[in-house]
Amino acid sequence: MPYLVVCPVTQIQVVAAKHAPSHMLTVMSEAAEIPRPASVSSDQHKTLIFNDISTQRDGLVVPGAEHVRAILDFADNWDRNAPLLIHCYAGVSRSTASAYIIANAMAESPDPEDLAKDLRLRSPTATPNAKMVALADSILGKKGAMTDAISSIGRGAYCYEGAPFVFPLKKSDAHIF
């Protein structure tokens with residue numbers, strides 16, 4: 001049952017109680033005390049610090065290839081025996097980009113367009129960070145397919161924070177919500 005679960009920072013404990021993740025990826029703008037669920041050991045929690053921007057701005061950290069590689073490396077070390085929880089502040093941009101990136105690297109059928117459509121189905125508010133997706137597109141050798149697929153689903157519905165959602169990596173787990 002290898003699946004990803006995505007949520008805003010405010011929903012970590014609720015999501016963890018329901019899904020019992022073994023690993024957690026935190027993507028935030030600044031270091032903060034994040035409540036790690038009991039099911040996630042400290043060595044299975046990765047924190048990345050960068051801003052939710054796509055172009056450089058003074059005083060902010062734009063996502064870079066090193067961040068995308070760290071996401072892929074962390075996911076590669078996930079044993080897939082329990083879900084991987086991914087969160088950012090609002091659960092809309094950096095976390096959905098991270099989930100989409102991981103899915104393109106690890107899904108049973110990694111078709112960028114199908115994955116983007118599934119992302120939109122599962123999260124009407126998802127607006128994956130364009131810079132992160134473009135970097136992953138290059139790193140994974142998708143030749144623009146990831147970027148085009150995310151562009152085709154458009155910006156998600158406006159919200160303060162996104163609702164938690166499950167993003168399965170196997171078609172047989174598509175029923176999980």
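I'll start with I86, in a model that is predicted. Setting aside neighbours within four places in sequence, I86 is in contact with L4, V5, V6, C7, L25, S95, S98, A99 and I102. I86 belongs to strand β4, residues 84-88, and stands opposite V6. Keep I86 in view, since the next few points come back to it.

Which residues have the most contacts inside the largest nonpolar core? They are L4, I86, Y100, I102, L119 and F167, in a core of 39 residues. The element that gives the most to this core is helix α3, residues 94-106, with seven residues. There is another core, apart from this one, with 12 residues, including M28, I34, V40 and L85. As background, nonpolar side chains tend to be buried together in soluble globular proteins.

Next, strand β1, residues 3-8. Six of its six residues are buried, so the strand is largely enclosed by the rest of the structure. In a regular strand, side chains alternate between the two faces of the sheet. In β1, one side has Y3, V5 and C7, the other has L4, V6 and P8, and all of these are buried. Both faces of the strand are therefore covered, in keeping with six of six residues being buried.

What does β1 pair with, and in which sense? With β4 the pairing is parallel, over five bridges. This is where V6 stands opposite I86. With strand β5, residues 165-168, the pairing is antiparallel, over four bridges. Here L4 stands opposite F167. L4 and F167 were both on the list of residues with the most contacts inside the largest core.

Now to charged side chains. How many salt bridges does a search of the whole structure find? It finds two. One is between the side chains of E113 and K117, at 3.1 Å, N to O. These two residues are four apart in helix α4, so about one helical turn separates them. E113 is partly exposed, because its relative accessible area is 43%. K117 is also partly exposed, with 47%.

The other salt bridge joins R122 and D118, with the closest N and O atoms 2.9 Å apart. This pair also lies in helix α4, four residues apart, about one turn of the helix. R122 is buried, because its relative accessible area is 7%, and the cut-off for buried is under 20%.

That leaves R120, also in helix α4, residues 112-122. R120 is buried but has no salt bridge. The nearest side chain of opposite charge is D118, and that is 11 Å away. What does the side chain of R120 reach instead? It reaches the backbone oxygen of S123, at 2.9 Å. A polar atom of the R120 side chain also lies 3.3 Å from the backbone oxygen of P124. Not counting residues up to four places away in sequence, R120 touches T125, A126, I153, G154, R155 and G156.

Moving along the chain, N129 is in the loop between α4 and α5, the latter being residues 130-139. Is N129 buried or exposed? N129 counts as buried, because its relative accessibility is 3%. Its side chain makes a polar contact with the side chain of D52, at 2.9 Å. The side chain of N129 also reaches the backbone nitrogen of K131, at 3.0 Å. Leaving aside neighbours within four places in sequence, N129 is in contact with D52, I53, S54, P63, S93 and A97. For a sense of spacing, N129 and I150 are 21 residues apart in sequence and 9.5 Å apart in space, C-alpha to C-alpha.

The last residue is H67, in helix α2, residues 65-76. H67 is buried, because its relative accessible area is 10%. Beyond its neighbours within four places in sequence, H67 is in contact with L48, I49, F50, V61 and V62.

To recap, strand β1 is largely enclosed, as six of its six residues are buried. β1 pairs with β4 in the parallel sense and with β5 in the antiparallel sense. The largest nonpolar core has 39 residues, with L4, I86 and F167 among those with the most contacts inside it. The search of the whole structure finds two salt bridges, and R120 is buried without one.

Terms used. Residues are numbered from 1 along each chain as its sequence is written. This is a predicted model: local features need pLDDT of at least 70, side-chain atom pairs count only at pLDDT 80 or more; totals for chains, interfaces and linings use all residues. Side-chain values use heavy atoms; hydrogens and water are left out. Buried means under 20% relative accessible area, exposed over 50%, partly exposed in between (1.4 Å probe, protein chains only). Two strands pair if DSSP finds at least two bridges between them. A nonpolar core is a set of buried Ala, Val, Leu, Ile, Met, Phe, Trp, Tyr and Cys residues joined through side-chain atoms within 4.5 Å. Contact means heavy atoms within 4.5 Å. Lys and Arg count as positive and Asp and Glu as negative; His and the chain ends are not counted. A salt bridge is a side-chain nitrogen of Lys or Arg within 4 Å of a carboxyl oxygen of Asp or Glu. A polar contact is a pair of N or O atoms within 3.5 Å; within protein, one must be able to donate a hydrogen and the other to accept it, and residues adjacent in sequence count only if both atoms are side-chain atoms.
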